[in-house]
Amino acid sequence: MAALTHASLVEYLLEEAFEVAETIETGADDTELRGELGDVLLQVVLHARLAEERGSFTFDDVARGLTAKMVRRNPHVFRADGTLQDSFPATVDEIVRKWDAVKSSERPERRGPHEGIPDALPALAKAQKFIDRAGRAGSPVPAGELAETPDVTSEAELGELLLAVVGSAHARGFDAERALRGAIRRRFGPPS
């Protein structure tokens with residue numbers, strides 16, 4: 001494994017994650033989904049193995065950390081000892097509020113709702129995440145209005161137009177990134 005590094009494996013991790021999304025969004029069968037999930041898990045195993053060779057952490061450490069995080073971040077589902085709660089909050093809003101409160105307490109150094117959004121996210125997904133977090137923090141981004149034939153003369157104007165489209169999609173409960181991937185598949189067919 002000497003030739004493998006975390007950096008050299010990033011492209012494969014991302015590719016495998018996008019393959020899982022495509023498998024789900026195209027309605028592939030469970031056998032295909034199981035295989036794609038296995039490919040993502042292989043990437044996790046490889047990264048953990050590289051860390052283990054450095055003496056940093058093991059796959060078991062990753063699994064224990066994930067378990068602790070899920071229990072800690074989901075007090076609406078789990079008691080502190082990891083057993084299931086007897087009842088759950090009545091609304092998604094209550095769940096989101098509890099989730100946000102726990103995450104904020106874990107990372108008090110973060111100064112705002114947008115810190116921690118990965119810079120490498122695809123642009124539309126990142127825009128949607130910013131809009132969602134702004135809304136949850138009480139500062140919703142206006143959806144904006146679209147002209148029938150917008151006259152875009154610069155990248156800055158195009159950026160504003162795209163942000164308005166994402167805001168409009170979010171306001172209507174749509175996932176702009178998934179919608180665009182679907183439109184690309186419909187227009188151009190699956191990648192070869």
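The legends below accompany an overall view and several close-up views of a predicted model.

**Figure 1. Overall view of the seven-helix protein.** The predicted model contains seven helices and zero strands, and the pattern read along the sequence is α-α-α-α-α-α-α. The C-alpha trace spans about 55 × 45 × 35 Å along its principal axes. Of the 192 residues of the protein, 17% count as buried. Among the contacts between residues at least 6 apart in sequence, 47% join residues that are at least 24 apart. A search of the whole structure for salt bridges finds eleven, some of which appear in the close-up views that follow.

**Figure 2. Close-up of the packing of helix H1 against helix H2.** Helix H1, which covers residues 6-25, packs with helix H2, which covers residues 30-54, at an angle of about 160°, and the two axes are 9 Å apart. Because an angle over 145 degrees counts as roughly antiparallel, that is the description that applies to H1 and H2. The crossing of these two helices is left-handed. On the H1 side the contact involves His6, Leu9, Tyr12, Leu13, Glu16, Ala17, Glu19, Val20, Thr23 and Ile24. These residues meet a set in H2 made up of Glu32, Leu33, Glu36, Leu37, Asp39, Val40, Gln43, Leu46, His47, Leu50, Ala51 and Arg54.

**Figure 3. Close-up of the crossing of helices H3 and H4.** The axes of H3 and H4 come within 9 Å and cross at roughly 125°, and the two helices are therefore oblique to each other. Met70, Arg72 and Arg73 of H3 make the contact with Trp99, Val102, Lys103 and Glu106 of H4. Two of the side-chain pairs in this region are shown in the next view.

**Figure 4. Close-up of Glu106 and its salt bridges with Arg72 and Arg73.** The salt bridge between Glu106 and Arg72 has its closest N and O atoms 2.4 Å apart. Since Glu106 lies in helix H4 (residues 92-106) and Arg72 in helix H3 (residues 59-73), this pair ties together parts that are 34 residues apart in sequence. The side chain of Glu106 also meets that of Arg73 in a salt bridge, at 2.8 Å from N to O, and this pair likewise links distant parts of the chain, with Glu106 in helix H4 and Arg73 in helix H3, 33 residues apart. With regard to accessibility, Glu106 counts as partly exposed at 22% relative accessibility, and Arg72 is partly exposed with a relative accessible area of 42%, whereas Arg73, at 13%, counts as buried.

**Figure 5. Close-up of Met70 in helix H3.** Met70, at 30% relative accessibility, counts as partly exposed. Leaving aside neighbours within four places in sequence, Met70 is in contact with Phe78 and Trp99. Arg172, by comparison, is 102 residues from Met70 in sequence and 29 Å from Met70 in space, taken from C-alpha to C-alpha.

**Figure 6. Close-up of Gly112 in the loop between H4 and helix H5 (123-136).** Gly112 is partly exposed, with a relative accessible area of 29%. The C-alpha atoms of Gly112 and Arg133 are separated by 9.4 Å, and the two residues are 21 residues apart along the chain.

**Figure 7. Close-up of Glu177 in helix H7 (residues 176-188).** Glu177 is buried yet has no salt bridge, and the nearest side chain of opposite charge, that of Arg181, is 4.1 Å away. Because a salt bridge requires a side-chain nitrogen of Lys or Arg within 4 Å of a carboxyl oxygen of Asp or Glu, the 4.1 Å between Glu177 and Arg181 does not meet that cut-off. Not counting residues up to four places away in sequence, Glu177 touches Pro122, Leu124, Ala125 and Gln128.

**Figure 8. Close-up of the salt bridge between Asp175 and Arg178.** The closest N and O atoms of Asp175 and Arg178 are 3.7 Å apart. Asp175 is partly exposed, with a relative accessible area of 24%, and Arg178 counts as partly exposed at 44% relative accessibility. Elsewhere in the predicted model, Arg49, Glu52 and Glu53 are joined into one network by salt bridges that share partners.

Definitions and conventions
Residues are numbered from 1 along each chain as its sequence is written. This is a predicted model: local features need pLDDT of at least 70, side-chain atom pairs count only at pLDDT 80 or more; totals for chains, interfaces and linings use all residues. Side-chain values use heavy atoms; hydrogens and water are left out. Helices (H or I, at least four residues) and strands (E, at least two) are DSSP runs, numbered from the N terminus. Buried means under 20% relative accessible area, exposed over 50%, partly exposed in between (1.4 Å probe, protein chains only). Lys and Arg count as positive and Asp and Glu as negative; His and the chain ends are not counted. Contact means heavy atoms within 4.5 Å. Axes are lines fitted to C-alpha atoms, for helices over the stretch in contact, and angles run from 0 to 180 degrees between N-to-C directions. Angles under 35 degrees count as roughly parallel, over 145 as roughly antiparallel, 65 to 115 as roughly perpendicular and the rest as oblique. A crossing is left-handed if the near helix is turned anticlockwise from the far one by less than a right angle, and right-handed if clockwise.
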